[in-house]
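Visitor: I have a model on my screen and a list of descriptive labels for it. Could you walk me through how each label was earned?

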Amino acid sequence: MEQVFSCGTSPIVGLRFSLHPMADNFIEIIKGALREADTSNVWMHTDDVSTVMRGKQIHVFDTVRAIVLYAAKTGAHVAFNGTFSIGCPGDSAGDVFLEKDDILLNEPQIREIKQYVSSQFALYPMNNPDYMSVIYTEVARAKEHGVFNESMHYASGLHGDIHQVFTFLEESFTHARSDQYKHLVMTVNMSINSPSHKGDA
Ligand SMILES: Cc1ncc(C[n+]2csc(CCO)c2C)c(N)n1
């Protein structure tokens, strides 16, 4: 049955992201990762700059985690950047992918893949006058999860096992919004298989 959401109350999560493999066969790595992941629980469209993905939060995070891991397991040095958004006032209706069940389609295939990642994330709790305390709470959560790396201007550094980092990012994306402040944006940059990481992995 089609669900109808009034303006700004759609629980759909949107993600726009790019992969930048630093390898001659970058086309194969990008297209291969997009193809290898099971994307049947999300709506996805790729253009010459980026890929957009929309759906239930659990499926967006499950699918992007798989895409990043499939690019990573080629061994190439890969950069990922993505912007997650929920509650955008313009985001409403027509979202059939919200009717999918909660069974994760990628998790069983990717859970055993080991990968170190160094990343930076930033939260933008839109319209929330208390946004700095939201951000401090989430930085404290990163420390509790054991993935916090360092403080920096305009972002916070996260690193470690990529599964732990993605699990933290999804939890943080859930907690940094509220019924009152529904619109949240989160940016994530990841560096994978970088020669700078020798000894960290
Ligand atoms: C996730 C993701 N989606 C799209 C692009 C843009 N892009 C750059 S090269 C290439 C393959 C040749 O068409 C594509 C699609 C990207 N970098 N990462």
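Guide: Gladly, and let's begin with what counts as the shell around the ligand: a residue belongs if its C-beta atom, placed from the backbone, lies within 6 Å of the molecule. Keep in mind that this is a predicted model. Strand S1 (13-21) and helix H1 (26-36) each supply at least two residues of that shell.

Visitor: Which residues surround the ligand?

Guide: They are Phe 17, Ser 18, Leu 19, His 20, Ile 27, Ile 30, Lys 31, Thr 46, Asp 48, Val 49, Ser 50 and Thr 51. The largest share, four residues, comes from S1.

Visitor: How many residues of the shell around the ligand are nonpolar, polar and charged?

Guide: The shell has five nonpolar, five polar and two charged residues. Asp and Lys count as charged, and the list around the ligand includes Lys 31 and Asp 48.

Visitor: What does UniProt list for the domain?

Guide: An unreviewed UniProt entry lists "domain: Thiamin/hydroxymethyl pyrimidine-binding YkoF putative" for residues 13-91 and 118-196. In the model, residues 13-91 are 34% helix and 34% strand, with the end C-alpha atoms 9 Å apart. Residues 118-196 are 35% helix and 37% strand, and their end C-alpha atoms lie 10 Å apart.

Visitor: What is the order of the strands in the open sheet?

Guide: The eight strands follow the order S2-S3-S1-S4-S8-S5-S7-S6, with antiparallel pairing.

Visitor: Why are S2 and S6 said to stand at the edges?

Guide: Strand S2 (43-46) and strand S6 (148-152) each have a single partner strand, so one side of each has no neighbour in the sheet. From one strand to the next, the twist averages 20°.

Visitor: What makes S5 and S7 a pair?

Guide: Pairing requires at least two bridges between the strands. Strand S5 (residues 116-125) and strand S7 (residues 155-161) have six, in the antiparallel sense, so they qualify as a pair. One place to look is Gln 120, whose bridge partner in S7 is Gly 157.

Visitor: Which helices pack on the sheet, and what do they touch?

Guide: H1 packs on the sheet and touches S1, S2 and strand S3 (51-55), with its direction at about 150° to that of S1. Helix H4 (residues 131-144) packs on the sheet too, touching S5, S6 and S7, and its direction makes about 160° with that of S5.

Visitor: How many bridges join S1 to S3, and how many join S2 to S3?

Guide: S1 and S3 run antiparallel and are joined by five bridges; Leu 15 stands opposite Met 53 in S3. S2 and S3 are also antiparallel, with four bridges, and Trp 43 stands opposite Arg 54 in S3. S2 and S3 form a hairpin with four residues between them.

Visitor: Why is S6 called hardly covered?

Guide: A buried residue needs 20 or more other C-beta atoms within 10 Å of its own. Among the five residues of S6, the count of buried residues is zero. S6 does pair with S7, in the antiparallel sense over four bridges, and Met 152 stands opposite Ala 155 in S7.

Visitor: What makes Tyr 154 worth pointing out?

Guide: Most residues other than glycine have a negative phi. Tyr 154, which is not a glycine, has a positive phi near 70°. Its place is in the loop between S6 and S7, a hairpin with two residues between the strands.

Visitor: How do you know whether Tyr 154 is buried or exposed?

Guide: The cut-off for exposed is 12 or fewer other C-beta atoms within 10 Å. Tyr 154 has 7, so it counts as exposed.

Visitor: And what is the phi of Asn 193, and is that residue buried or exposed?

Guide: Asn 193 has a positive phi of about 55° although it is not a glycine. It sits in the segment after strand S8 (184-192). With 21 C-beta neighbours inside 10 Å, against a cut-off of 20 or more, Asn 193 counts as buried.

Visitor: Why is Tyr 124 called partly exposed?

Guide: Tyr 124, in strand S5, has 17 C-beta neighbours inside 10 Å. That count falls between the limits of 12 and 20, so Tyr 124 is partly exposed. The C-alpha atoms of Tyr 124 and Leu 15 are separated by 14 Å, and the two residues are 109 residues apart along the chain.

Note on methods
Residues are numbered from 1 along each chain as its sequence is written. This is a predicted model: local features need pLDDT of at least 70, side-chain atom pairs count only at pLDDT 80 or more; totals for chains, interfaces and linings use all residues. UniProt positions are given in the numbering used here, feature names are shortened, and annotations may be inferred rather than shown by experiment. Axes are lines fitted to C-alpha atoms, for helices over the stretch in contact, and angles run from 0 to 180 degrees between N-to-C directions. Two residues are in contact if their C-beta atoms, placed from the backbone, lie within 7 Å.
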